[in-house]
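User: I have this one open and would like to go through it with you, a piece at a time. Could you start with the terms you will be using?

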There are 2 protein chains.
Amino acid sequence: MTIFQTIAYDLSRRISDGEFPIGGSLPSEHQLAIHYERARGTVRHALNLLASRGMLVARQGSGWFIQSTLQQHGFTQLRSFAQWALTKGMKPSGRVVSSATMTASPAQARAFRLDTLQSVLRVVRIRGLDGREIMCERTVYAPWLVDMIASLPGDEVSVVQALEERFGIVTAHADHSIDAVAASSEDARLLGVRRSSPLLRVRRHSFAKDGRPMESGDDRYLPGSVAFEVASSLASSTLSRTIS
Amino acid sequence: MTIFQTIAYDLSRRISDGEFPIGGSLPSEHQLAIHYERARGTVRHALNLLASRGMLVARQGSGWFIQSTLQQHGFTQLRSFAQWALTKGMKPSGRVVSSATMTASPAQARAFRLDTLQSVLRVVRIRGLDGREIMCERTVYAPWLVDMIASLPGDEVSVVQALEERFGIVTAHADHSIDAVAASSEDARLLGVRRSSPLLRVRRHSFAKDGRPMESGDDRYLPGSVAFEVASSLASSTLSRTIS
DNA sequence: AAGTGGTCTAGACCACCGT
DNA sequence: CGGTGGTCTAGACCACTTT
């Protein structure tokens, strides 16, 4: 954790705690620099980080103003359905519907960068929030993870957390593609809705710290259960729109 | 024009001119600082600006690499349906279905931070890509923008660009919430699909540089037409998942 | 006039990458 | 190991806003 990240984190917490109201202003950069006992440049780095998340806005000659008190919870929660649910004060659940090893399809071999036909593990899970089942998840795990995943219990609530704690494997990067689809007949059966009713689909490829592909997933949520939120600024953005 | 903007502009031009190939690397920050006869910090400021546009990426310990020779990536495209379509080589179209001023509802007054009941402008548009109508867009503009929007022609392809070029008003930040919904009867009629068929919904609040709210939008896309992509890393992410 | 954010300088040390 | 980007410092001057 760098110093400017620490300062940003502290300011972010103080803002969401209501120490500074929306529309109000922060102490000046000079005063913040004195308070944190750091150079002004370091404080500015932290402020710009929060501005890129839409939490703050600077008005030249006037000050830094609070634009939003919302915490933009980031990647840590996005990685894991269970960890996200817990931070929201909800109880996540999960059950494995099916689990099978199979030789990688050409598309999977490409996604996992395999030379030869190796075995991948395909797991279908149903996920619930506070007892209500809201999502079905079809995950394909890369060959190097198969044994680890297979060793986990079927009702393991957080696979991501288990991988991290037991094997030290951390998800460091993920690409998400979000769109809407009509429920297939399998979706309909798993989620208890009519066929061709709307679902929010999130396709995901995730990678370990060393860049190795870990898993590809296809999650389908009932409408009205979750939404994905993105804050984007001129300064920096990770979101883009693609033709599909 | 500041110095770092001038350097960014010059580098951007040299990259677009093919002086550095895609995947290739730039001279080191140290060498660039000597070349431009500026401090390294100033050169870094320029490089970070280009990185935020998706033109460059930095690899620590290794160098700055050319990611794309195209201008206008990320947020710039996200701000505007039309500008995004153009960078993808597609022809955007748009037509206004209805346009009406009304007094702000309580929810709108909150979103736009109005004290009194002022007039907002609600516009419904249909958007097309290469002649195919794929999206309906319901936008509510803040009172201070109403006169400017009203002065634009109904078939103005890019409202965002028009606001920028004619009035100097730039969208600097936006929050997006993405989920799936069933088509309402109005959606069905506008888009030519069956009622309750799946649509991808993107709700948006956008803000000017000074933090003033500009517009709130509700865009609904036909499935299979576009997807939203998010790249997120441990280091930084703007995406989050919310209960809805 | 005083205070604020925006930019710039000229150093320094660190973590990381390649050889 | 030397070179690279990432961070940080302690100043300086400017443009802008507020009083």
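Analyst: Buried means under 20% relative accessible area, exposed means over 50%, and partly exposed is in between, with a 1.4 Å probe and the protein chains only. This is a predicted model, in which local features need pLDDT of at least 70 and side-chain atom pairs count only at pLDDT 80 or more, while totals for chains, interfaces and linings use all residues. Residues are numbered from 1 along each chain as its sequence is written, chains are lettered from A and ligands numbered from 1 in the order in which they are written, and side-chain values use heavy atoms, with hydrogens and water left out.

User: OK, how many residues of strand β8 of chain A are buried?

Analyst: Nine of the nine residues of β8(A), which spans residues 213–221, are buried, and the strand is mostly covered. Strands here are DSSP runs of E with at least two residues, and helices are runs of H or I with at least four, numbered from the N terminus.

User: And which strands pair with β8(A)?

Analyst: Strand β5 of chain A (residues 132–141) pairs with β8(A) in the antiparallel sense over seven bridges, and strand β7 of chain A (residues 198–208) is joined to β8(A), also antiparallel, by eight bridges; two strands pair if DSSP finds at least two bridges between them. Cys136(A) stands opposite Arg220(A) of β8(A), and Arg203(A) stands opposite Asp218(A) of that strand.

User: Switching to the DNA, which residues are closest to strand D?

Analyst: DNA strand D is surrounded by 21 residues, the closest being Ile3(A), Phe4(A), Thr42(A), Arg40(B) and Arg44(B). Sugar and phosphate make up 76% of the strand D atoms that come within 4 Å of the protein, and a residue is near a strand if one of its heavy atoms lies within 4 Å of it.

User: What do Arg40(B) and Arg44(B) touch there?

Analyst: A polar side-chain atom of Arg40(B) is 2.7 Å from a base nitrogen of DNA strand D, whereas one of Arg44(B) is 2.8 Å from a phosphate oxygen of that DNA strand. Two or more residues of the surface near DNA strand D come from each of α1 (3–16) and α3 (40–52) of chain A, and α3 (40–52), β1 (56–59) and β2 (63–66) of chain B.

User: Then which residues come nearest to strand C?

Analyst: Around DNA strand C there are 21 residues, of which Arg40(A), Arg44(A), Ile3(B), Phe4(B) and Thr42(B) come nearest. A base nitrogen of DNA strand C lies 2.6 Å from a polar side-chain atom of Arg40(A), and a phosphate oxygen of DNA strand C lies 2.4 Å from a polar side-chain atom of Thr42(B). On the protein side, α3(B) gives the most to the surface near DNA strand C, with three residues.

User: One more thing: is Tyr9(B) buried or exposed?

Analyst: Tyr9(B) counts as exposed because its relative accessibility is 56%, and this residue is found in helix α1 (residues 3–16) of chain B.

User: What about Glu164(B), and where is this residue found?

Analyst: Glu164(B) is found in helix α8 (residues 159–167) of chain B, and with a relative accessible area of 30% Glu164(B) is partly exposed. The C-alpha atoms of Glu164(B) and Gly24(B) are separated by 33 Å, the two residues being 140 residues apart along the chain.

How values were computed: Polar contact = N/O pair within 3.5 Å; in protein donor to acceptor, adjacent residues only side chain to side chain.
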